[in-house]
Amino acid sequence: MKIRLDDARLTLIGRLRHQLRLRHYSMRTEQAYVSWVKRYVRFHNVRNPAHMGPAEVRLFLTDLAVERGVSASTQNQARAALVFLYRDVLMVGAPVMDGVERAKRPLRLPVVMTRDEVRSVLDLLTGASYLAALLLYGSGLRLMEALTLRVKDVDLDSESITVRSGKGMKDRVTVLPSRAIGPLREHLKRLENYWRTDIRRLDFSIELPDAFAQKSASAVRDFRWYWLFPAKRLRVVKGNGEAIRSHMHATALQRAVSTAVGAAGLTKRAGCHTFRHSFATHMLDSGYDIRTIQELMGHKDVSTTMIYTHVLNRGGRGVKSPADG
């Protein structure tokens with residue numbers, strides 16, 4: 001969806017989208033922020049946010065926590081959306097957000113699967129879902145990092161994966177598991193056949209980042225830019241009739257993993273992100289240093305990676321109980 005550059009003529013939501021895209025926020029963040037601003041406006045009977053202040057913001061955030069029972073992280077996401085609205089869209093951020101504190105997030109240990117549990121879940125997955133889940137675990141990828149991989153991002157010879165515009169808009173290189181190379185070679189052969197079928201359509205194109213389509217018009221039909229995990233169906237754009245191939249939808253992989261976790265008989269609350277937690281924990285357990293794991297996972301602060309050292313410790317930080325003596 002394109003947004004006019006004349007910011008003054010846009011609706012509040014249009015201005016919000018425009019400012020988010022101007023700062024290169026991800027589409028998922030844009031969708032979340034737009035949703036929170038709409039909820040905030042509806043909560044206050046469709047009043048103009050420009051005519052509201054800290055009292056209204058606190059009332060909304062308090063309602064989320066007390067009446068809706070949302071988590072601290074969800075409440076903080078809503079707060080971040082309103083901070084952006086007032087600071088970057090309405091340009092009155094500082095006075096309006098005075099006294100509106102961030103909710104304190106509880107420190108929780110991540111859910112981690114054992115190696116046998118990972119194997120049992122992967123064995124129940126097939127096709128693209130299996131390969132995507134294998135990369136979540138074997139490369140420590142976040143869900144959307146795996147689903148937005150392009151053919152050119154996977155280097156089978158050097159056994160590496162380049163993650164483009166990961167969290168914080170940072171690129172990084174991580175390991176490609178040797179176990180994935182054979183299946184990936186077969187997958188790329190099938191993928192090339194799908195791509196050849198697609199480019200027979202004159203109206204076909206691939207979604208490209210930012211304005212890259214204008215810089216390199218041929219890239220929209222280049223196999224190197226093809227999604228590693230493409231969606232099954234083409235999306236036809238209203239108006240120009242252009243047929244666009246997007247990547248696999250997140251819910252498709254989430255459902256497949258959830259079904260496999262249930263079928264494997266796991267009692268843990270495991271999902272796609274659990275593979276990433278398991279990657280870090282098992283890397284630590286194998287003796288790799290914390291800084292290496294931090295780099296592979298793309299953590300900004302090593303303290304984020306340090307949480308996995310607590311997962312490795314048994315109850316009581318690894319000491320032996322006297323009951324076992």
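**Salt bridges and a helix pair**

Reader: Which residue does Glu30 form a salt bridge with?
Author: This is a predicted model, so keep that in mind. Glu30 sits in helix α2 (residues 27-43), and its partner lies 13 residues apart from it, in helix α1 (residues 12-22). The closest N and O atoms of the pair are 2.6 Å apart, and that partner is Arg17.

Reader: Is Glu30 buried or exposed?
Author: Buried means under 20% relative accessible area. Glu30 has 1% relative accessibility, so the residue counts as buried.

Reader: And in the salt bridge of Arg68 and Asp63, how far apart are N and O?
Author: The two ends sit in contrasting settings: Arg68 is exposed at 55% relative accessibility, while Asp63 is buried at 15%. Their side chains still meet, with an N to O distance of 3.4 Å.

Reader: What separates Arg119 and Asp116 along helix α6?
Author: Their side chains meet in a salt bridge, 2.7 Å from N to O. Both belong to helix α6 (residues 115-122), and because they are 3 residues apart there, the separation is about one helical turn.

Reader: Which residues do shared salt-bridge partners join into one network?
Author: A search of the whole structure finds 18 salt bridges. Some of them share partners, and the network they make consists of Lys152, Asp153, Arg164 and Asp171.

Reader: At what angle do helix α7 and helix α12 pack?
Author: Helix α7 covers residues 127-138 and helix α12 covers residues 272-285. Residues making the contact include Leu136 and Tyr137 of α7 and Phe275 and Phe279 of α12. By type, the contact residues divide into 6 nonpolar, 3 polar and 1 charged. The axes lie 7 Å apart, and the angle is about 35°.

Methods:
Residues numbered from 1 in each chain as written. Predicted model: local features only at pLDDT ≥ 70, side-chain atom pairs only at ≥ 80, totals over all residues. Heavy atoms only, no water. Axes fitted to C-alpha atoms, helices over the stretch in contact; angles between N-to-C directions. Helix = DSSP H or I, 4+ residues; strand = E, 2+ residues; numbered from the N terminus. Contact = heavy atoms within 4.5 Å. Nonpolar A, V, L, I, M, F, W, Y, C, P; charged D, E, K, R; others polar. Salt bridge = Lys/Arg side-chain N within 4 Å of Asp/Glu carboxyl O. Buried < 20%, exposed > 50% of the residue type's maximum accessible area, 1.4 Å probe, protein only.
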